[in-house]
Amino acid sequence: MISVQNVTKAFGPKKLFEDVNVSFSPGRRYGLTGPNGAGKSTFMKILSGELESDAGQVFRPRKVGVLKQDQFGYENVRVLDVVLRGNQPLWKALEEKHELLAKPEITDEDGHRLAELEGTIAEEDGYSAEADAGELLEGLGIETRFHDEPMKALPGGLRLRVLLAQALFGKPDGLLLDEPTNNLDLDSIRWLELFLHEYDGVLVTISHDRHFLNAICTHIADIDYQTIITYTGGYDDMVKQKGEVRSRVESQNAEKQKKIAALQEFVARFSAGTRASQVQSRKRAIMKLKMEDLKRSNIAAPFIKFEVGKQSGRQTLELHDIEKRFGDLRVIQPFGGLVTRGEKIAIIGKNGAGKSTLMKMLQGELAPDAGTVKWGHQAQVGYLPQDHAGVIRKGTTAFGWLREMEDKLGNEEISGLLGRMLFSGEERMKPTDTLSGGETVRMLLAKLMLFKDNVLLLDEPTNHLDLESINSLSEGLDRYEGTAIFVTHDQELIGEVATRIWLVRKGEPVLDFPGKYEELLEKHPELEVHRR
């Protein structure tokens, strides 16, 4: 069990938590939720011991696996050894054993110590450790050929997977995973879901992937009102329960307010008369009818609505046998097809398969080596790239940047758009140099809303967004009357929005499936690691 008692944490005048008491029990899987800035990562660091709270205590099991975010901390360490370090008792025993065996002469004392170390190694399943570590790495999509390589030989996305394998290794009693699905493709996410379903310790995870939270969580620990409230079930269950609780309290308060108003009217009418005892009785009743405290929630969702200025032609996009090579590697094999107005196409596939390459060819950022990309009559294309670096000009403000994009709108209209994207009041004048990842994406979405394009190309649009923003994006795309093509690993977004799937596969042609995501899995069950 992980137990938190009377924990308080503030940064300057901003208080994130106040006198928090919460327990996380073995055999349960908790999703830690809350909007950006609520303190999820801070609380996770307090749970792991990386950060001290201002007050209170945290009690945790002896062996806790923690997903670290320092992907450059093991540059020259063999990949398998990085994973083995996830079990510190085993790793220390293996290191000490290696040092003793390297001595020119081994004393009797060394011999006794070696026997003790062998006992520790056996207790920690050390003799199958490398095989177990290799199995974890393969499940997370890291091929065997990389296992004996140093970490610096891996691209960034794979390094984060090694750190996830490190956290999962060694049968920890507790698991603390901050955004474990980042940089994972759909196959790896489903493998992780299956692994966590079989895990019998206590799990606490932060994720902006609603499907992942619904799939694995038995409980949700929601950060709001400067405290943590635990709900039973997955993320959708929490949202429903939270709404019901608030509605019930609001309804009860409204009833109390009516009663108080009636009692106050009686007191006002008869306070100077002969019914003094009844007046006093009414006053006591008013004192008892206390309104239940309904704190202001810190959860806020943007309002995302993509409108179409002018409709495109019926035939929005034609692809004629486009292909792309990088050296001897053919990333996109000849691929063609017709996209009609109003279709919503999700581009999915494993990391490195060529999803962004295909998207860049559609957008015109990359030219195909063969074939043609032909946009239809009056197609007006809006694009959100995966890499946001340099897209928003520095040296201005959020308001100033949108003002530069469209000078035909008035200041009130620009301010209203920023407000809908959670830039209200002084936030409208926030310097673009200081925008967070989530704020940058919301600004880019605001630009798309401003231009009213009839085609949207979105490459990983959910990166950096919190759950509320992702839900709003999903609703906005679902209501959008134009054509949308998007790359994402977010299964809820794919399932709710996509009417057609392009599955990009290494060494194979792109699979063009005319239907919903669930229909694709039903027709091609080999694409899914497991069915829930």
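## Surroundings of α14

In this predicted model, the elements that cover the buried residues of α14 include two strands, β14 (381–384) and β15 (455–459). Three helices are also among them: α12 (398–405), α13 (411–420) and α15 (467–479).

Helix α14 is mostly covered, with twelve of its 15 residues buried. The buried set begins with Gly-438, Glu-439, Thr-440, Val-441, Arg-442, Met-443, Leu-444, Leu-445 and Ala-446, and it also takes in Leu-448, Met-449 and Leu-450. Two charged residues, Glu-439 and Arg-442, are therefore included among the buried positions of α14.

## Length and end of α14

Helix α14 covers residues 437–451, and at 1.5 Å a residue its 15 residues should span 21 Å. The C-alpha atoms at its two ends are 22 Å apart, which agrees with that expectation. Just after the helix, Lys-452 has a positive phi of about 55°.

## Packing of α13 on α14

Two packed helices are described by the angle between their axes and the distance between the axes. For α13 and α14 the angle is about 130° and the axes are 10 Å apart. An angle between 115 and 145 degrees counts as oblique, so α13 and α14 are oblique to each other. The crossing of α13 past α14 is right-handed.

On the α13 side, the contact is made by Ile-414, Leu-417, Leu-418 and Arg-420. On the α14 side, the residues they meet are Met-443, Ala-446, Met-449 and Leu-450. By class, the residues of this contact are seven nonpolar, no polar and one charged. The four α14 residues of the contact, Met-443, Ala-446, Met-449 and Leu-450, are listed among the buried residues of that helix.

An α-helix has 3.6 residues a turn, so residues three or four places apart point the same way. In α14, Met-443, Ala-446 and Met-449 all take part in the contact with α13.

## Packing of α12 on α13

The axes of α12 and α13 cross at roughly 120° and come within 10 Å. That angle makes α12 oblique to α13. The crossing of these two helices is right-handed.

From α12, the contact involves Ala-398, Phe-399, Leu-402 and Arg-403. From α13, it involves Asn-411, Ile-414, Ser-415, Leu-417 and Leu-418. The residues of this contact divide into six nonpolar, two polar and one charged. Ile-414, Leu-417 and Leu-418 of α13 take part both in the contact with α12 and in the contact with α14.

## Helix α5 and Ser-188

In α5, the buried residues are Ala-129, Ala-133, Gly-134, Leu-136, Leu-137 and Gly-139. Just after this helix, Gly-141 takes a positive phi of about 85°.

Both Gly-139 and Gly-141 are in contact with Ser-188, as are Leu-140 and Arg-161, when neighbours within four places in sequence are left aside. Ser-188 itself lies in helix α7 (residues 186–198). Its relative accessibility is 3%, and Ser-188 therefore counts as buried.

## The loop after α5

Lys-152 is placed in the loop between α5 (129–139) and α6 (156–168). With a relative accessible area of 48%, Lys-152 is partly exposed.

Not counting residues up to four places away in sequence, Lys-152 touches Glu-75, Asn-76 and Arg-159. The C-alpha atoms of Lys-152 and Arg-78 are separated by 9.1 Å, although these residues are 74 apart along the chain.

Note on methods. Residues are numbered from 1 along each chain as its sequence is written. This is a predicted model: local features need pLDDT of at least 70, side-chain atom pairs count only at pLDDT 80 or more; totals for chains, interfaces and linings use all residues. Side-chain values use heavy atoms; hydrogens and water are left out. The expected span of a helix is 1.5 Å times one less than its number of residues. Buried means under 20% relative accessible area, exposed over 50%, partly exposed in between (1.4 Å probe, protein chains only). Contact means heavy atoms within 4.5 Å. Axes are lines fitted to C-alpha atoms, for helices over the stretch in contact, and angles run from 0 to 180 degrees between N-to-C directions. Angles under 35 degrees count as roughly parallel, over 145 as roughly antiparallel, 65 to 115 as roughly perpendicular and the rest as oblique. A crossing is left-handed if the near helix is turned anticlockwise from the far one by less than a right angle, and right-handed if clockwise.
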